[in-house]
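Visitor: I've got this one open next to its sequence, and I'd like to talk through it with you. Can we start on the inside and work outwards?

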Amino acid sequence: MPELPEVEVVRRGLADFTTGRTIDAVEVLHPRPVRRHLAGPDDFVARLKGQTFAEPARRGKYLWLPLASGDAVLTHLGMSGQFRVQPVGAPDEKHLRVRFRFADDGGEVRFVDQRMFGGLSYSEGGAELPAEIAHIARDPFDPLFDPDLFVANVRRRKTGLKRALLDQTVISGVGNIYADEALWRSKLHYARATETLKPQQIKGILADARAVMAEALDVGGTSFDALYVNVNGESGYFERGLAVYGQEGSPCRRDGRPIRREPFMNRSSFRCPKCQPVPRHARW
């Protein structure tokens, strides 16, 4: 699932291509990616014709395309959703689902989704922030993100630390990859009870999460396969910089112990058994 760096890479690519352009036509090639638009594909198409895109925006893992009218197209990439920019007339991608054509002579935007867990919907009045995602917390790159509020919310949760990091109502944008990487940098076990952490420890892991995501953003995010690419079809390269995630059996960069993979919330957690030992106070 794309996390904050991957979605931000897509947002930046779309900003260069869509901002200020007027939609001439929208083609929905499969109804599932617009299933969250309850009025149906035809209504989705009709609402967008003639509208002009403003600069794309993001909160955590959610991306939306504001419209000059004050509405927006809310998007979620899911597991395999991609936005691609292509010249008009370029061959269709195998899993092309929605096409946006524009009134000028430039290229088109395509939403491609192999597994179709992602999707698009029309959000009335959603240009500033779609109501559908208003419950999502701010992410660490948001200028209005409040570190002190984050500390208070983490300590109040009385849960395991990684569970708190993955809770999108506490902090958005952090997923399995960057949670594991931040925990390794902070030398903390994923099940550390949040109420036992000192405020400075929580601020430390926040700083580590922000740092690792910034590094990933600089190299286009993390791509394990062809399901995540930027708008030009290019993969990110942060996989090469991962210290623990997906590194089962590899030596820890700090102490050489083999990295462990352990079951966690129907997925996996990766940690070093020496520098991230099981805590005395744990919440699994």
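Guide: Gladly; this is a predicted model, and its largest cavity is lined by Leu 14, Thr 18, Phe 53, Leu 65, Phe 83, Phe 100 and Val 109.

Visitor: What's the split of that lining by class, nonpolar, polar and charged?

Guide: The lining of the largest cavity has 6 nonpolar residues and 1 polar residue, with no charged residues.

Visitor: And what volume does the largest cavity have?

Guide: The volume of the largest cavity is about 30 Å³, and the count of cavities of 30 Å³ or more comes to 1.

Visitor: OK, on to the strands. What order do they take in the open sheet?

Guide: The open sheet is made of 4 strands in the order β2-β3-β4-β8, with antiparallel pairing. Its edge strands are β2, residues 57-59, and β8, residues 119-123, each of which pairs on one side only. On average, neighbouring strands of this sheet are turned by 25° against each other, direction ignored.

Visitor: Over how many bridges do β2 and β3 pair?

Guide: β2 and β3, the latter covering residues 62-66, pair over 3 bridges in the antiparallel sense, and the bridge partner of Ala 57 in β3 is Trp 64.

Visitor: Which strands do the helices touch where they pack on the sheet?

Guide: Helix α1, residues 4-18, packs on the sheet by touching β2 and β3, and its direction makes about 15° with that of β3. Helix α2, residues 41-48, also packs on the sheet, but touches β4 (72-76) and β8, with its direction at about 60° to that of β8.

Visitor: Switching to pockets, what lines the second largest one?

Guide: The lining residues of the second largest pocket include Arg 36, Tyr 62, Glu 132, Ile 133 and His 135, while β4 and β8 each supply at least two residues of that lining. Among the other lining residues are Leu 74, Thr 75 and His 76, along with Gly 119, Leu 120 and Ser 121. By class, the lining divides into 4 nonpolar, 5 polar and 2 charged residues, and about 190 Å³ of space lies in this pocket.

Visitor: Last thing, which residues does UniProt list for the catalytic domain?

Guide: The unreviewed UniProt entry gives "domain: Formamidopyrimidine-DNA glycosylase catalytic" for residues 2-118. Over residues 2-118 the chain is 20% helix and 32% strand, with the end C-alpha atoms 11 Å apart.

Visitor: And where does it put the FPG-type domain?

Guide: The "domain: FPG-type" annotation, again from an unreviewed UniProt entry, covers residues 243-277; that span is 0% helix and 29% strand, and its end C-alpha atoms lie 16 Å apart.

How values were computed
Residues numbered from 1 in each chain as written. Predicted model: local features only at pLDDT ≥ 70, side-chain atom pairs only at ≥ 80, totals over all residues. Heavy atoms only, no water. Pairing = 2+ DSSP bridges. Axes fitted to C-alpha atoms, helices over the stretch in contact; angles between N-to-C directions. Contact = heavy atoms within 4.5 Å. UniProt positions renumbered as here; feature names shortened; annotations may be inferred. 1 Å grid on protein atoms, 1.4 Å probe; cavity = no way out; pocket = protein on both sides within 12 Å on 5 of 7 lines; lining within 4 Å. Points joined across faces, edges and corners; volume = space filled by probe spheres on them. Nonpolar A, V, L, I, M, F, W, Y, C, P; charged D, E, K, R; others polar.
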